[in-house]
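Got your viewer open and a selection box ready? Let's take a walk through this one, stop by stop.

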Amino acid sequence: MKFTLPILNQLQIDIEITDNPYHLQLDQLFYMAARMNKKRSFLFVSRILGKHLPINPKIGLLTGQLLANRYMEMVNGVVTGRKDDLLSAFMYDPEKYNDHPFIDEHVQPVIIGFAETATALGHAFYHSFQKADFFHTTREELRGMDPVITFEEEHSHATSHRCYVDESILNNDRDIILVDDEMTTGKTNINIIRSIHMRFPRKSYTVVSILDWRSKENHQQFQALEKELGITIHSVSLLKGRIQLSGAPMIENCADDVEEIESSSTTISTIFLNEIFPELLSTIDASSITLGGMVRHVPYLKETGRFGLDSSMTRETNRILQKIADYLVKETEDDRILCLGTGEFMYIPMKIASYMGEGVQYHSTTRSPIYVANHEKYGAKYGLAFPNPEDWEIDQFVYNIPQNEYNQLFVFFERAISKERLQPMLNELKKTKIPNIKIVFLNGRCSDE
């Protein structure tokens, strides 16, 4: 099956679908957008990931479960009996989402989610297993801590990935599952497999993605790596095919032009969850870590998975996040609620949003600069840009929040940040005319100096 999808200006992409095991519709999975990136001029803007477009958060969680189910079918040859229920919930009724792990404990992989886009996807995939280990890569350079492995993602704006986990999580012969939202060339997967195999060799790796667009040449590169290292690399996806880009590059300025909004039109408040629930969340001491040229004295959360998790924590984590969601629901003043994750901090806000009731939407800020244009079925109709509050050296963006679309916005941060650092982001968010914005810090309290 072949499709031609316009992107913007004269830029278009031709798609040939070669495998669609669950019979999903393309426009159910993604829109197209043009990237401000010389290495790759286009972007598949996922409609199910919760990164660039707002979604029902349960759709994002169900996507991880669908991929886990497909992994069991393809790699383990196991029919879980959950496929029909998962597809029914995914396609028609996300409120039927069930967060109970459904993959038997005899399957015990090590699961790695790719930052920043697939941190929540990898985490949702991991929560499908009764017994597994999980961590996600990070783009952050945590000075004072040594990564156990590093690797590169050449096409990205932030190319270096780091893994800050105890080496025991990798020093074994278990299957490693690499989870990303899409593979275009697969080079990132090749790079991490090489990095892992150099220190912790094993026989089997699996690469998992929603979309797999690798060319014949890319597949041959995987086969060459298998032969070179004496390994097997399994590939799992929900949609597989080939793509061909054609047309002119972006030349026009598509910046979103929105009016300035008076600060008095938006009420901004702050919630420090660790002070309300001091017994709930565990932390990783980061008092010596320097980030963005600034020493941060606020510990990271263990529950994010950045430093490694095992399945024994799953039930307790769900209980904690349900309790947080119940509290935040009491803080809501109206319907039309948006929950916004920040950067790599995606899964915990998504899971909290999923517990806050029907109608709550979720997505996240991103590092990806995308051309903004209000065209039908284009992936970035509205856009805001600001320095990352956690590191002003990094640009950050949020897309697809129209003016007057929501009555209340919850913005989630893993660690507390001063008002000064938040201000540029808040100034941009005011342009959306959301009357009530609540900044939610999971851990710490920073001064307002």
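Here is a short tour of a predicted model, from a sheet to its helices, then a hairpin and a single arginine.

**Stop 1: the parallel sheet.** Start by selecting 267-272, which is β12, and 361-364, which is β19. These two strands are the edges of an open five-stranded sheet, ordered β12-β23-β22-β18-β19 and paired in parallel. β12 and β19 each have a single partner strand, so one side of each has no neighbour in the sheet. Look along the sheet and you can follow its turn: on average, neighbouring strands are rotated by 20 degrees against each other, ignoring direction.

Now add residues 408-415 (β22) and 436-443 (β23). This parallel pair is joined over seven bridges. To find your place in the pairing, pick Leu409, which sits opposite Ile437 of β23. If you are wondering what holds such strands side by side, strands of a sheet pair through backbone hydrogen bonds.

**Stop 2: a helix across the sheet.** Keep the sheet on screen and select 347-354, helix α9. Which strands does α9 lie across? They are β18 (337-341), β19, β22 and β23. Against β19, α9 runs at about 175 degrees.

**Stop 3: two helices crossing.** Next, bring in residues 314-331, helix α8. The axes of α8 and α9 come within 8 Å and cross at roughly 60 degrees, so the two helices are oblique to each other. The crossing is right-handed. Show side chains here: α8 brings Asn318, Leu321, Ile324, Ala325 and Leu328 to the contact, while α9 brings Ile348, Lys351 and Ile352.

**Stop 4: a hairpin.** Jump to 383-388 (β20) and 391-399 (β21). Are these strands parallel or antiparallel? They run antiparallel, with six bridges between them. Together β20 and β21 make a hairpin, with two residues between the strands. Click on Pro387 and look across to Asp395 in β21, which stands opposite.

**Stop 5: an arginine to zoom in on.** Finally, select 160-163, strand β8, and pick out Arg162. Is Arg162 buried or exposed? With a relative accessibility of 15%, Arg162 counts as buried, because the cut-off for buried is under 20%. A polar atom of the Arg162 side chain lies 3.0 Å from the backbone oxygen of Arg139. To see the surroundings, display the residues that Arg162 contacts beyond four places in sequence: Thr137, Thr138, Arg139, Glu140, Glu141, Pro147, Ile149 and Thr150.

Notes:
Residues are numbered from 1 along each chain as its sequence is written. This is a predicted model: local features need pLDDT of at least 70, side-chain atom pairs count only at pLDDT 80 or more; totals for chains, interfaces and linings use all residues. Side-chain values use heavy atoms; hydrogens and water are left out. Two strands pair if DSSP finds at least two bridges between them. Helices (H or I, at least four residues) and strands (E, at least two) are DSSP runs, numbered from the N terminus. Axes are lines fitted to C-alpha atoms, for helices over the stretch in contact, and angles run from 0 to 180 degrees between N-to-C directions. Contact means heavy atoms within 4.5 Å. Buried means under 20% relative accessible area, exposed over 50%, partly exposed in between (1.4 Å probe, protein chains only). A polar contact is a pair of N or O atoms within 3.5 Å; within protein, one must be able to donate a hydrogen and the other to accept it, and residues adjacent in sequence count only if both atoms are side-chain atoms. Angles under 35 degrees count as roughly parallel, over 145 as roughly antiparallel, 65 to 115 as roughly perpendicular and the rest as oblique. A crossing is left-handed if the near helix is turned anticlockwise from the far one by less than a right angle, and right-handed if clockwise.
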